[in-house]
Amino acid sequence: MKTFKLEGTPREGVGKKASKDLRKEGSIPAILYGQEPVELPYKGKLNPGEKIVETKNNKGVIVTDFTVSVDGVRKLIYTREIYLVEINIRDSKSVKAILKDSQYHPVTDKILHLDFLEVFDDKPIVIEVPLFLTGHSVGVRAGGKLNQSMRKLKVKGFAGDIPEKLEVNVEHLELGKAIKVGELSFDKIELINPKNAVVCIVKMTRASQSAAATAASNK
């Protein structure tokens with residue numbers, strides 16, 4: 001994956017009012033979830049914006065509340081590409097992470113909140129990777145229409161092994177035939193989507209149905 005550098009500022013105030021005030025100032029509230037569990041009670045020193053969220057078995061994870069600028073995340077959000085994000089939280093710490101979720105205003109479509117997950121070289125992550133179809137299928141050449149049902153696939157693997165995009169060759173795909181997730185495989189990563197989920201299909205059109213009927217009548 002490509003790397004995206006992001007500058008953040010730790011924040012102490014949380015809640016709806018604090019978040020609303022931040023957005024008025026042109027900032028976006030964000031949160032970074034740690035993956036590395038810590039023993040409770042935690043005896044280490046927390047950086048500005050950090051807190052401990054208890055999980056189970058007397059353990060917890062460090063969660064960091066911070067803010068980013070709209071301009072700072074624009075190229076990260078409005079793209080089909082995926083990135084390994086290097087977050088530098090001012091005067092606090094620098095971590096590697098992936099964008100897990102983004103929330104938008106239902107009317108204005110402005111970014112309301114961002115969720116990041118810290119990643120480590122030795123721990124697998126789950127992330128959606130853009131999917132691209134390559135080749136000109138025999139079904140399309142016969143008059144069918146190629147329909148791509150899935151634009152991304154959810155994969156599991158180590159950050160260093162996850163590709164920037166996935167490509168599926170459809171040259172062999174015949175009229176009325178589909179490719180499902182269970183038929184695909186890629187090196188060093190595991191596909192998480194349901195195996196029977198349809199990735200793409202060459203649908204029959206009126207022209208292709210007419211051609212097929214004409215061919216059958218001429219036999």
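Helices (H or I, at least four residues) and strands (E, at least two) are DSSP runs, numbered from the N terminus. The views below come from a predicted model, in which local features need pLDDT of at least 70, side-chain atom pairs count only at pLDDT 80 or more, and totals for chains, interfaces and linings use all residues. Residues are numbered from 1 along each chain as its sequence is written, and side-chain values use heavy atoms, with hydrogens and water left out.

**View 1. The S7–S8 hairpin turns at Asp109.**
Let us start in the loop between S7 and S8, where Asp109 lies. Here S7 and S8 form a hairpin with six residues between them. Two strands count as paired if DSSP finds at least two bridges between them; S7 and S8 have seven, in the antiparallel sense. One pair to look for is Ala97, which stands opposite Glu118 in S8. Phi of Asp109 is near 65°, a positive value in a residue other than glycine. As background, most residues other than glycine have a negative phi, and most peptide bonds are trans. Asp109 counts as partly exposed, at 45% relative accessibility (buried is under 20% relative accessible area, exposed over 50%, and partly exposed in between, with a 1.4 Å probe and protein chains only).

**View 2. Strand S8 also pairs with S2.**
On S8 (111–118), seven of the eight residues are buried, so this strand is largely enclosed by the rest of the structure. S2 and S8 run parallel and are joined by four bridges. Follow Leu32 across to its bridge partner in S8, Phe116.

**View 3. An open sheet of four strands shows mixed pairing.**
The order to trace in this open sheet is S12-S9-S11-S14. Strands S12 (166–169) and S14 (190–191) stand at the edges with a single partner strand each, so one side of each has no neighbour in the sheet. S9 (residues 125–134) and S12 run parallel, joined by four bridges. A handy landmark is Leu131, opposite Leu166 in S12.

**View 4. The largest nonpolar core has 27 residues.**
A nonpolar core is a set of buried Ala, Val, Leu, Ile, Met, Phe, Trp, Tyr and Cys residues joined through side-chain atoms within 4.5 Å. In the largest one, the residues with the most contacts inside the core are Leu153, Val155 and Ile162. S9, S11 (152–157), S12 and S15 (198–203) each supply at least two of its residues, and S9 gives the most, with four. Zoom in on Ile162: leaving aside residues up to four places away in sequence, Ile162 touches Met1, Ile82, Ile125, Ile127, Val129, Val155, Gly157 and Ile189 (contact means heavy atoms within 4.5 Å). A second, separate core has 19 residues, including Ile28, Ala30, Ile77 and Val95.

**View 5. The largest pocket holds about 410 Å³ of space.**
On a 1 Å grid over the protein atoms alone, a pocket is an open set of points where a 1.4 Å probe fits, with protein on both sides within 12 Å along at least five of seven lines; lining residues have an atom within 4 Å of a point. Of the 18 lining residues here, Ile82, Leu99, Ile127, Glu128 and Lys152 are the closest to the centre of the pocket. S7 (93–104) is among the elements that supply at least two lining residues, and S7 gives the most, with six. By class, the lining has nine nonpolar, two polar and seven charged residues (Ala, Val, Leu, Ile, Met, Phe, Trp, Tyr, Cys and Pro count as nonpolar, Asp, Glu, Lys and Arg as charged, and the others, Gly among them, as polar).

**View 6. The second largest pocket has a volume of about 240 Å³.**
Its lining includes Arg23, Arg74, Tyr78, His105 and Lys110. S2 (27–33), H2 and S8 are the elements that give two or more residues to this lining. Five lining residues are nonpolar, four polar and three charged.

**View 7. Backbone details appear at Pro41, Asn57 and Lys188.**
The peptide bond from Leu40 to Pro41 is cis, with omega near 0°, and Pro41 is placed in the loop between S3 (38–39) and S4. S4 (residues 50–54) and S5 (residues 59–69) run antiparallel, joined by five bridges. In their hairpin, with four residues between the strands, Asn57 takes a positive phi near 55°. Lys188, in the loop between S13 (178–180) and S14, has a positive phi of about 65° although it is not a glycine. Lys188 is exposed, with a relative accessible area of 65%.

Methods: Grid points are joined across faces, edges and corners, and a volume is the space filled by probe spheres set on the points.
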